[in-house]
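This report takes a set of chains in turn, beginning with the packing of nonpolar residues and ending with the confidence of the model. Please keep the sequence and the structure open while reading.

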Amino acid sequence: MATETIIWLIPLPPLLAFFLIVLFTNRSKWLSHTVAIGAALLSWLGSMIVFFRALAVEHFGEHIFASSIPWLATGETQFRIGVQIDPLSAATLFFVAWTVLMIFLYSVGYHNFGQPKGDHDRPGLQPHGATVSDAHGHTHTVPSIEPMYSRFFAFIGLFAFGMYTLVVSDNLLTLFVGWEIMGLCSYLLIGFWYAKPTARAAMIKAFITTRVGDMFMLLGLAYLYSQTGTLNYREIFYNQEVLNHLAETPSVIVGLSTAGLIGILLFFGTIGKSAQWPLHVWLPDAMEGPTPVSAMIHAATMVSAGVYFAIRIFPLVSAGSEHGMTSVMSVMAFIGAFTALFAATIALAQNDIKRVLAYSTISQLGYMIAALGIGAYVAAAFHLITHAFFKALLFLGSGSVIHGMEHGVLHTGSHIDPQDMFNMGGLRKKMPVTFWTFLIGGFALSGFPLVTAGFWSKDEILADAWGHGHFLVFATLALAALLTAFYTMRQITLTFFGEPRTEAAHHAQETPWTMTLPLAILAVFSVAAGWVGVPEHFPGLGGLLPNWFHGFVGGTLLEHPEAVAFNAVPLLTSLVVALGGLYLGWLVYRGTTAGAQDPIQKAVPGLHRVLKNKYYFDELYDRIFVQPAYWLAESFTSAWMDRGVIDGFLHWVAMVSGIIGNALRNYIDKPVINGIIGDGTANVVRKFGFTLRGIQTGRIQQYMIGALVTLIFFSALFYYLIFIP
Amino acid sequence: MRDPVTLIANWLSGLLSGWGLSPGLVTVIMVFIGVLALASAMLVLDIFLVWVERKVVARFQDRIGPNRLGPYGLVQPLADVIKLLIKEDIIPAGADRLVYNLSPIIALAAALLLWAVLPISATIYGTNLNVGVLYLVAVGAISTLGIIMAGWASNNKYALLGAFRTVAQMVSYEVPMVIVLMVPVILTRSMGLKDIVDQQVIWYIVAAPLAAIIFLISNLAELGRAPFDLPEAESELVAGFHIEYTGMKFGMFYAGELLHALTVGAIFSSLFLGGWRGPGAEAFPIIGVFWFFLKAFFMYWVIMWSKYTFPRLRVDQMLNFNWKFLTPLSLVILMTTAVLDKLLPRTNMLVYSLGMLLLNIVIVLVTLQILRARAGAERRRVAEPKPAATPQGAVTASQPPSGASQ
Amino acid sequence: MTALQVVFLIIAVVTLGAALMVVTTRNLVHAALWLVVTLFGVAVLYVLLDAGFLAVAQVIIYIGAIAILFIFAVMLTRRVASDNIPQTNNNWGWAALVAVVFLGGLAWVLRPWQGFSTQASELSSRADPLRELGQALVSPNAYVIPFEVASVLLLAALIGAIMVAWERK
Amino acid sequence: MIPLSWYLMLAAGLFSVGLFGVLARKNAVAILMGVELMLNAVNVNLVAFWRYRTPEVIAGQAFAIIVFAVAAAEVAVGLALIISIYRRRNTVVADEIDMLKL
């Protein structure tokens with residue numbers, strides 16, 4: 001089959017799965033998840049075929065796979081949409097296919113497929129386990145199956161469709177369509193257990209904040225379309241005179257070129273979607289959703305989609321950058337670096353296992369944005385892919401840890417939070433596979449030298465930062481890397497090392513194969529992915545493997561970005577930072593016992609409280625946006641505007657018309673119309689009638705007299721008039 | 001000398017004009033004298049009639065009648081008149097005085113007025129009205145009026161009832177009389193009585209016997225005598241409209257009635273029996289007078305004869321007889337005579353009369369035939385056995401009528 | 001003043017007096033009887049006008065039938081003790097005025113009419129009005145149609161009167 | 001001889017007396033009598049005009065005859081009506097017969 005048709009077909013199976021499940025198979029759980037996983041397999045297969053065919057093409061950057069159809073008649077021209085696979089989208093397609101498939105598989109185990117129905121499980125709440133009595137009579141509770149099992153698979157099917165559309169699309173509009181579908185699915189999946197009030201609040205929060213970003217993005221798209229008349233990648237990003245035209249023409253906002261303004265507006269979309277600094281508040285709360293969701297949305301796909309979009313519009317952003325960084329790139333660099341450091345610091349003070357990972361995701365995304373900001377296009381792409389693998393691994397690992405802990409909680413019947421790290425400890429003996437894969441993921445995240453993929457991509461970014469002379473960015477990123485290593489080790493030691501601090505931890509069990517297999521596969525990728533982009537002039541390993549990634553992905557840009565010269569300083573700093581952080585983390589947290597307080601909190605209670613409360617950003621936003629919104633809604637619009645002004649006006653109008661009506665009635669209607677015209681004429685007629693009534697006496701003789709009198713009168717008259725003269 | 005009356009008349013007018021009266025005045029006086037003479041003659045005759053009436057009635061009833069006073073009771077009427085004159089004249093309370101006193105006068109006057117038109121002899125006649133016949137009818141109407149006034153004025157229910165009956169009878173019988181009266185008019189082509197009598201070389205009784213009979217019958221009803229004497233049927237209404245009249249007023253009524261009867265006889269004779277026509281009447285008008293009165297008294301006798309033989313008729317019989325038999329018959333006669341008159345040649349009166357006679361006989365036969373058929377149907381209807389309560393009728397309503405005959 | 005005029009005057013006075021009595025007497029029967037007198041007067045007038053047949057017809061029709069009908073009607077519709085109340089309704093003043101004005105008007109209109117005082121012309125001796133009348137009434141080119149219509153009218157009136165006065169039980 | 005004017009004046013007098021009778025009398029029958037008088041006045045006029053104006057044309061008398069017929073018919077129907085009203089309403093006073101409804 002032609003590659004283009006395959007590309008067209010890649011997004012469709014998950015959509016088909018979604019409709020099949022929703023409309024037909026939602027009653028049987030087994031059928032639903034088979035359909036969903038089958039669809040994911042099909043898409044994965046299509047993606048692999050396309051990827052390897054892309055690899056086979058020489059200089060794939062120039063002759064890419066693309067096909068488009070006329071979709072919308074806009075005036076005389078036809079707006080065309082289509083699919084396009086160029087090196088960047090090929091690479092993204094690769095990691096997306098893998099992660100989506102792994103998550104589909106993982107969800108089957110996570111939602112306790114095969115377990116008995118819960119005693120008093122209600123749809124919309126987490127399953128609370130079922131009491132089972134085994135052969136010789138004594139009962140114990142076992143985790144129960146998720147009541148809304150097939151609904152979950154339908155939503156993630158729709159989500160996969162959104163992601164695939166975004167990746168394969170050849171223009172910004174279908175990208176935006178995929179973008180919005182994912183937004184919807186994140187909303188639906190975060191609030192999967194809609195009976196929990198916190199889940200409901202989180203889903204709305206996520207949806208609104210991403211919408212803020214999307215609104216600016218839409219403005220940017222519209223402005224771009226109005227300037228260029230098209231949204232196709234080829235026609236904009238690979239068309240130099242369009243880029244130059246955009247760069248030269250000044251935009252509405254003084255000081256910014258059109259390209260700059262559009263860049264900033266579009267970048268806002270990324271900030272919202274990838275939870276960068278101002279709009280990051282929704283991502284930690286999104287942990288309310290089930291773990292596969294968090295993994296999929298907040299590690300592999302959705303957030304990385306934001307970065308993919310930023311990479312896609314890089315040519316526009318960097319248009320006119322011959323004379324140094326454009327304003328947009330400096331904004332990106334600043335936000336990226338700041339978010340990286342900022343999120344890392346918060347991650348230190350989090351006790352919930354998933355929340356730590358959420359903040360680490362934010363900081364890693366900050367890394368990629370900062371890389372783009374300083375022009376390191378290939379490094380950003382490379383870090384995007386590697387990060388997707390090991391972050392998905394970490395999330396799924398934490399999911400299996402939580403699943404194990406729930407097992408223990410049900411077993412002991414104690415009511416403790418299975419996600420709090422301080423209730424865990426010593427799980428390496430209980431859950432060995434999860435431990436090892438989690439360890440590999442952790443090391444990859446913190447950039448353990450040479451072995452893990454994280455090291456190569458992060459090092460690449462630091463090298464670029466140093467190479468291009470952005471020393472401030474370099475310093476912040478290095479510090480962030482240190483903190484990343486520290487909280488990763490904190491997490492690992494708290495959960496796996498030491499002795500089980502609670503009874504539940506004591507009874508935690510290993511999760512079934514459907515969950516541990518994906519962990520293993522992802523672990524392989526977390527390691528193998530790094531070797532693809534080893535720089536040539538790296539001391540020692542440099543020449544062994546060709547820097548394939550740089551050649552391949554670099555091809556997507558018009559002119560190839562040249563690799564930066566080797567320098568020892570970034571390499572050394574990344575080594576020191578990674579190993580130092582890990583050692584420190586293990587050192588501080590190895591002795592924590594049950595009920596012990598967090599050492600940092602002991603050390604710097606004030607700072608710890610601030611970090612714990614996420615710099616009070618939620619409260620800040622609450623005060624800045626939510627309260628004013630409520631105030632606006634409550635007092636301003638409804639009280640003042642609606643009731644006061646509009647109702648006031650209406651009442652005033654009513655009052656005035658009432659007055660006018662009364663005036664009309666009293667001064668015109670009653671006296672004039674009723675009086676003179678109405679009753680007046682009536683009276684006249686009545687009087688006239690009365691006088692005439694006299695004639696109608698019924699006496700025949702009076703009639704005769706009347707007739708004769710008139711007869712005489714007229715005859716006399718006529719006689720006098722006619723005969724006499 | 002053949003006509004002493006005209007002789008005297010001419011003498012008198014000569015005398016008067018001799019006195020230098022203006023001719024108009026003379027005629028007025030002459031007319032006056034004529035009227036006076038005729039009226040007084042009639043009134044005197046009237047008194048004689050009372051005697052005649054009582055004698056003939058007695059004879060009919062096989063008794064002698066008044067014979068005490070004077071030879072054969074001739075003075076009896078005088079005695080009656082004197083008795084009536086002496087009697088107290090009572091006017092009922094509440095009676096309408098003017099009308100009460102006027103009605104006897106009218107009754108008598110009506111009878112007298114008739115004579116104005118009758119030609120007593122060739123030269124002696126009141127006046128030759130060209131509408132003589134109609135005059136007769138008119139005067140008849142006035143007598144009706146008189147009776148009503150009498151009935152009304154005497155303020156007596158029976159009188160009023162009697163008056164109503166009389167008027168109803170007279171008015172309804174007037175219709176056939178007037179129609180039949182037209183037959184002689186058709187025969188003589190003129191309404192004047194003088195012309196009718198002059199034409200009657202062959203008496204009209206020969207030409208129109210049926211008309212004569214109908215005329216006689218209807219006139220009997222007009223008089224209120226004989227079979228039709230309902231008004232003063234003694235047994236029912238005491239004396240009819242002249243109950244309250246006593247003394248001479250009653251006398252006038254009684255005399256009026258008798259005179260009217262004689263007048264009817266005279267009219268009949270002049271219309272159908274040739275009036276004064278008789279051998280020698282042409283030459284000697286005075287003999288005409290004799291023939292005239294002979295025929296008149298003969299008819300008077302016939303009237304009295306019918307009075308004392310026929311039983312009284314019931315009111316509905318009387319009215320039915322008139323409206324259902326007499327009127328249609330008279331209409332038929334009038335129509336046929338008019339048609340035949342146009343057909344028959346007038347040159348030879350005998351042929352003409354015989355034709356008319358033939359017509360009358362045919363009509364009589366036809367009417368008899370119709371009567372016989374109707375009578376037969378009536379007899380059959382009466383004789384038909386009326387079924388007693390038929391079994392059908394006895395069945396209760398609930399059961400269907402067809403099945404219950406066993 | 002010739003005799004004829006004297007006779008005429010007498011008759012005129014009698015007729016008009018009777019007419020006045022008809023419209024003024026309280027007792028209706030008297031009114032009817034006075035009507036008879038008036039009709040008789042009119043009949044005599046006809047005789048004066050050499051219309052003998054009309055006179056007799058007048059007597060037969062009016063006095064013989066209509067007057068009697070009136071008397072019958074009066075008797076049938078007599079209400080007890082209603083004879084001596086005034087028989088004229090309350091607007092007789094107006095009626096009198098209208099009648100007088102009418103009379104005056106007619107007189108006033110007739111006065112200037114030149115034919116007003118024509119003298120009676122001698123009747124040609126041979127003319128026989130009765131015959132002429134008879135023929136006029138039945139000859140097609142004269143008055144047969146009105147004559148037939150009058151007969152139909154009389155028939156209709158006859159039936160109508162009976163129907164209307166029929167004593168419906 | 002008697003001039004035509006006398007007849008006309010007599011007829012006019014008779015007519016106006018009849019008119020007064022019609023307008024002033026209370027009893028319906030009396031009204032009809034008034035009407036009769038008026039009709040007679042008309043007849044007198046007709047015959048008078050026949051006699052004085054056109055003796056050779058018999059129209060006058062023919063009309064008089066027709067008036068006779070009409071008068072007779074009129075009286076017959078009129079009295080029938082009055083009698084039926086009397087039966088129904090027990091009154092013959094014209095003023096009391098002022099309702100079209102029976």
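Which residues touch the most other members of the largest nonpolar core? In this predicted model, they are A:Ala381, A:Ala392 and A:Leu477, in a core that comprises 212 residues. Helix α17 (residues 377-412) of chain A makes the greatest contribution to this core, supplying 21 residues. A second core, separate from it, has 195 residues and includes B:Leu329, C:Leu49, C:Phe53 and D:Ile83. Once neighbours within four places in sequence are set aside, A:Leu477 is in contact with A:Ala337, A:Ala340, A:Tyr367 and A:Ala370, and also with A:Ile461, A:Leu462 and A:Ala465.

Two elements of chain A, a helix and a strand, can be set side by side by their burial.

| Element of chain A | Residues in element | Buried residues |
|---|---|---|
| Helix α19 (residues 432-446) | 15 residues | 11 residues |
| Strand β1 (residues 65-74) | 10 residues | 1 residue |

Helix α19 of chain A is mostly covered, and its buried residues include A:Thr434, A:Phe435, A:Gly441, A:Gly442 and A:Ser446. The length of this helix agrees with expectation, because its 15 residues at 1.5 Å a residue should span 21 Å and its end C-alpha atoms are 21 Å apart. After α19(A) comes A:Gly447, which has a positive phi, near 80°.

Strand β1 of chain A, by its count of 1 buried residue out of 10, lies largely in the open. It pairs with strand β2 (residues 77-85) of chain A in the antiparallel sense, over 9 bridges, and within this pairing A:Ala66 has A:Gln84 in β2(A) as its bridge partner. The two strands β1(A) and β2(A) form a hairpin with 2 residues between them, and A:Gly75, which lies in the turn, has a positive phi of about 65°.

A further strand of chain A, β4 (residues 139-142), holds A:Val142. Is A:Val142 buried or partly exposed? A:Val142 is partly exposed, because 17 other C-beta atoms lie within 10 Å, whereas a buried residue needs 20 or more. Leaving out residues up to four places away in sequence, A:Val142 touches A:Gln115, A:Pro116, A:Gly129, A:Ala130, A:Val132 and A:Leu410. A:Val142 and A:His407 are 265 residues apart in sequence, yet their C-alpha atoms are 7.3 Å apart in space.

Chain D has 3 helices and 0 strands, its elements running α-α-α from the N terminus. Of its 102 residues, 64% count as buried, and among contacts in chain D with a separation of 6 or more, 49% join residues 24 or more positions apart. Where chain D meets chain A, the contact takes 6 residues from chain D and 7 residues from chain A; the chain D side has 4 nonpolar and 2 charged residues, with no polar ones.

Confidence remains to be considered, here for chain B, which averages a pLDDT of 84 and has 93% of its residues scoring at least 70. Among the elements of chain B, helix α9 (residues 209-223) has the highest mean pLDDT, at 91, and helix α10 (residues 234-237) the lowest, at 54. Over residues 401-406 of chain B the pLDDT is below 50, and this stretch has 5 contacts in the model beyond near neighbours in sequence. Where pLDDT is low, the predicted coordinates should not be read in detail.

Note on methods
Residues are numbered from 1 along each chain as its sequence is written. Chains are lettered from A and ligands numbered from 1 in the order in which they are written. This is a predicted model: local features need pLDDT of at least 70, side-chain atom pairs count only at pLDDT 80 or more; totals for chains, interfaces and linings use all residues. A nonpolar core is a set of buried Ala, Val, Leu, Ile, Met, Phe, Trp, Tyr and Cys residues joined through C-beta atoms within 7 Å. A residue is buried if 20 or more other C-beta atoms lie within 10 Å of its own, exposed if 12 or fewer, and partly exposed in between; C-beta atoms are placed from the backbone. Helices (H or I, at least four residues) and strands (E, at least two) are DSSP runs, numbered from the N terminus. Two residues are in contact if their C-beta atoms, placed from the backbone, lie within 7 Å. The expected span of a helix is 1.5 Å times one less than its number of residues. pLDDT is the predictor's confidence in each residue, from 0 to 100. Two strands pair if DSSP finds at least two bridges between them. Ala, Val, Leu, Ile, Met, Phe, Trp, Tyr, Cys and Pro count as nonpolar, Asp, Glu, Lys and Arg as charged, and the others, Gly among them, as polar.
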